[in-house]
Structure formats: C-alpha cells, structure tokens
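Please walk me through this model in my viewer, one selection at a time. I would like to know what to pick next and what is there.

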Amino acid sequence: MTRWSRAASAVTLAGFLSGCVSAAEFPIDRGFAAVSAGAEPVTKSRSVWATNAVQQAQNEAEVHSLVTDRTIDADTAVRVALLNNQDLQAAYADLGLSVAALWQESLPVNPRLSLGVNTTTDILTQAVEGAVIANVLSYATRGRRVAIAETRVRQAQQRAIEATLRLAHETRRAYYEAAAAWGVVIELNRALVAADAAAELAAELGKTGAFSKVEQARQQAFYAELTSEKARAVMAARLAKEELTRRLGLWGARLSYEVPNGLPPLPRSVPDQSAIERLALQNRADLKIAKLELEALARSYGLTKATRFVTDLEVAAGLELEREEEVDEGDTTVTNRLTPRLEADFAIPIFDTGEARLRTAELKIMRATNLLAARAVAVRSEARAAHTAYRGTYDIAKHYRDAVVPLRKTVEDEAVLTYNGMITNTFDLLADTRARIESVRASLEARRDFFLAEVDVAAAIWGGGVAGSEPAETEVAEAEGDEE
C-alpha cells in the first residue's frame, strides 16, 4: 500500500507542478506579430490589433490624420482599413480565442476532493473519508493535446493573415472602382462644357437663320443626354466611394476624405510572372490552413489511437479515519484507526473498443487530404487565370491609350474643322464627339480592369481573394483525454 500511495502522490505532484502555467506566457496578442509580418509584404503596411483603449485611441488619431480633408491614395486607403475596420479586429479576436484554448489545454484538469462521513445509529462507530481524485489520462495526454492546440493557433494565424489580405484586396478594388467612376464624371464634365458651347452657338445661328431647327434640336438633345449621363455617373461615383468608406470603417467628420478624379497611369511594362503557380503554392494562406488542418487531424488521430481502450482513468488517493467506542462496565475505550486509501476508476472496454472512433478519425484525415489536393489544383488554375487576366487587361488598356483614344480625338478634331468650314453636318460631328467620349470611357474602364487584375494576381499568389475561399473545416478527432 505504501508503494501505491507514493505513486499516487507522484501523480498528484506532477499534475500540480505542470499546472503552474503563468498567465504572462499567454498574453492576449500572442502570435499576432507573425500575422502582421505575414501580411505586410502584400499590404505594405503593418497590421494593428487594438486590444486596449490606449491602442484604440492611437489608431483613431492616426486615422484622423490620414483621412480628414485629404485626398488619399490606394496605399493610404489600405493603411486606414487595417487600422479602422472593425470586422478585421473581430477576426483578430479569433486568434486570441485559439491562444486561450492553448492556455486551457496547458492546464491540467483540476483534481477533485471527495469527503464522506459514516455514522452508525449507536454512534459507537464513526468514519471520516477523504480522497483527492486525479484524472491520470488527462495528465498522460496533456502533451499531445497541447501540440494539437498549438497547431490550431498556427491555423488561426493563417486565418488572420487571410482576413487581413482579403480586406486589403477589397479596399484596393473599391479604391480603383471609386477613382475610375470619378474619372468618368470628369470626362463627362469636359464633354458637357463643349456641348454647352455648341448648343449656345447653334441657338444663336438659329436666330440668324443659318441653323435649321433640326440641327439646333440635335445639339440640344446631345447636351441633354450628356447631362443625364453625368447624373448617372455622379451617382455611380458616390456609391463607389461609399463602398470604399465601408471598407475604411469611416463615419462622421472623417467622411471629408476624397479620392482622385481618375486612375494612375499605366506602368511602362508588367513583370513576367511565369512562375506564378509555384509562388501561389508556396504562399497561399488557404493552402497553409488546409495543411495545418490535416496536421491537426493527424495529431488527433494519434491521440485517439493511444487512448483507444482506456477513455477515462481516475485515481483516488486518500485516508480513512475510523473511530470506535467500546463500553465495558462503565468504562469507555476509544480506538482511532487511520487507513490509507487508493482507488482506480476506468471504463472496461468490453463493448466499445474504440474502433468506431478510429474509423471516424481515419475518414476525417482522408477527407482533409482530398480537400487539400483539390485546393491545390484550384490554386494552380486560379493563379494561371489571374495572370492571363493581368496580361490581357494591360494589353487592352495600353491599346486604348496608344491607339483608340488618340485616333478618336483626331477624328473629332478634324470633324470640328470641317464643321466650321461648313463641309460636314451637325449629325456627323455629334456622332464623332460621342464616339470620342465613349472611347475615353472605355479607356478608363480598361485601365480600371488592369488595376483590378493586378489586385487579383496578388490574391492568387498570397490568398485572401474571392476565389481563394477557405476550405471546408473538418472537426478534430476526439482528443480529450478526460472525455469519450
């Protein structure tokens, strides 16, 4: 019995010592530095997780200085979104939850204390029992459960990186949409000025009889149609800016920011990204998440295999104090006996031998493996498609810039000259002017499509795009040593 008592004491002592896990080892933002470092090559800005009021105030002050009464560029928009978007801050909290789960797994299960008092009716015999009950299996599997929780933390880090990249991509897309929309408004304004002057001239000529009523009506109809187009363009631009504002998380006085009235010029050339498939396989966040999912399932399978037969094992170590009174001819004799106690409690694996749990774990691993393989194939295709769109939109936008728009401008300039010389008619001039306006608008849209395709290339390589959706999450095989 002494040997058993020492064994139980050793188990209890080990559990107590391993339970001495300091809270300082698990700060609320543990692991977030890896998230910021992982996303920064794409966002070009560090990510900030405001975990207290001071940090929140610093973020708000920085956002105020970046946007109030300022015209922002794309990088500034991403910076503001990373500081101020509350959905992203909520996503970062999931990382904190995974760290809290790791902390919980690092703590052994609390031992239970059992006390009992037995008293007979004649109160001649009394017994007091006390025992400390420890879940031995939870101590034995603690290392495996901590390893699984650490894998989950790394998975949460990748999810946080993916959420950061997704917001950065959405913000850039919204920024380019808004800038292109305001660019269309500017072009329509220029066309309206020319159309207004032509309409006034037509009206004056009409008074002298040099312009027929039909030609006057054509000029005025052209001006009226341009006015309605501008109204639609202004509405579309305001809605596009509102879409950007949602990504930035702005409201109130900070809505005084502006976006440029047009897009940046096209680059002189675009880099050759023939190795885009390899880059995507190396860097895609959703692939890393799927790999970590498979790793966590493999670890949980090993734990399930190790605890297949014994799903719960508790050891109770304690003492029993028995007190007896004997009365002999008026004399009372009291005898106290102290007896050590050691008990083990576990389920006998007669009916449930763990085969069903093992099969479940194997099928989960098989499912995760197939999902990972499918995700890799999709990533390769998405990377190729993104590069094709990137190259194609650049060539189209360049063609509009170098050929279509200059030719349309030349046609309109010549039409004005011939019109002033009374060689051509009003209808032809209006048609040429409208064709030039449409070519400028198409050029803006082509340039916008190029910048959007550039964003999609980054999403195809690093993740966070619409196409790079997260793989279906599979549940971890049962890994708790103290539960079935």
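## A tour by selection

Begin with a pocket, keeping in mind that this is a predicted model. The residues lining the second largest pocket divide into eleven nonpolar, two polar and four charged. The pocket has a volume of about 360 Å³, and its lining is made up of 17 residues. To centre your view, select Val 42, Lys 44, Arg 172, Glu 454 and Ala 458, which lie nearest the middle of this pocket.

Now colour the helices around the pocket. At least two lining residues come from each of α2 (32–43), α7 (142–208) and α12 (426–462). The largest share belongs to α12, with six residues.

**Stop 1: two loop residues with positive phi**

Stay with Lys 44 for a moment, since you already have it selected as one of the residues nearest the pocket centre. Lys 44 sits in the loop between α2 and α3 (53–67). Its phi is positive, about 60 degrees, although Lys 44 is not a glycine. Is Lys 44 buried or exposed? With a relative accessible area of 60%, it is exposed.

Next, select Asp 69, in the loop between α3 and α4. Here too you will find a positive phi in a residue other than glycine, near 55 degrees. Asp 69 counts as exposed, because its relative accessibility is 63%.

**Stop 2: a buried helix**

From Asp 69, move along to helix α4 (residues 74–84). How many of its eleven residues are buried? Ten of them are, so α4 is largely enclosed by the rest of the structure. Try hiding the surroundings and showing the side chains: among the buried residues are Val 78, Arg 79, Val 80, Leu 82 and Leu 83.

**Stop 3: salt bridges onto α12**

Return to α12 and turn on the charged side chains. Side chains of opposite charge can pair when their charged atoms come close. The model holds 32 salt bridges by the rule used here, and a few are worth a visit.

Select Arg 448 and Glu 177, whose closest N and O atoms are 3.9 Å apart. This pair links distant parts of the chain, with Arg 448 in helix α12 and Glu 177 in helix α7, 271 residues apart. Arg 448 is partly exposed at 22% relative accessibility, and Glu 177 is partly exposed at 31%.

Now select Glu 225 and Arg 434, a salt bridge with its closest N and O atoms 2.8 Å apart. Glu 225 belongs to helix α8 (residues 213–248) and Arg 434 to helix α12, so the pair ties together parts that are 209 residues apart in sequence. Glu 225 is partly exposed, with 41% relative accessibility, as is Arg 434, with 24%.

For a network, select Glu 170, Glu 243, Arg 246 and Arg 247 together: salt bridges link these four residues.

**Stop 4: strand β4 and the loop after it**

Swing over to β4 (331–346). Arg 341 and Glu 343 form a salt bridge here, the closest N and O atoms being 2.8 Å apart. Glu 343 counts as partly exposed at 39% relative accessibility.

Select Asp 345, which lies in strand β4 and is partly exposed at 48% relative accessibility. Then add Glu 314 and measure from C-alpha to C-alpha: Asp 345 and Glu 314 are 31 residues apart in sequence and 5.0 Å apart in space.

Which residues form the nonpolar patch on the surface? Select Phe 309, Val 310, Phe 346, Ile 348, Ile 350 and Phe 351, and show them as a surface; together they have about 700 Å² of accessible area. Within this patch, focus on Ile 348, in the loop between β4 and α11 (355–420). Ile 348 counts as exposed because its relative accessibility is 61%, where the cut-off is over 50%.

**Last stop: from α11 to Phe 450**

Follow the chain into helix α11 and select Ile 396. Ile 396 is partly exposed, at 48% relative accessibility. Finish by adding Phe 450: the two residues are 54 positions apart along the chain, and their C-alpha atoms are separated by 8.6 Å.

Technical notes:
Residues numbered from 1 in each chain as written. Predicted model: local features only at pLDDT ≥ 70, side-chain atom pairs only at ≥ 80, totals over all residues. Heavy atoms only, no water. 1 Å grid on protein atoms, 1.4 Å probe; cavity = no way out; pocket = protein on both sides within 12 Å on 5 of 7 lines; lining within 4 Å. Points joined across faces, edges and corners; volume = space filled by probe spheres on them. Helix = DSSP H or I, 4+ residues; strand = E, 2+ residues; numbered from the N terminus. Nonpolar A, V, L, I, M, F, W, Y, C, P; charged D, E, K, R; others polar. Patch = residues over 30% accessible without salt bridge, like charges linked within 9 Å, V, L, I, M, F, W, Y side chains within 5 Å. Areas by Shrake-Rupley, 256 points an atom, 1.4 Å probe, with all protein chains shown as cover. Salt bridge = Lys/Arg side-chain N within 4 Å of Asp/Glu carboxyl O. Buried < 20%, exposed > 50% of the residue type's maximum accessible area, 1.4 Å probe, protein only.
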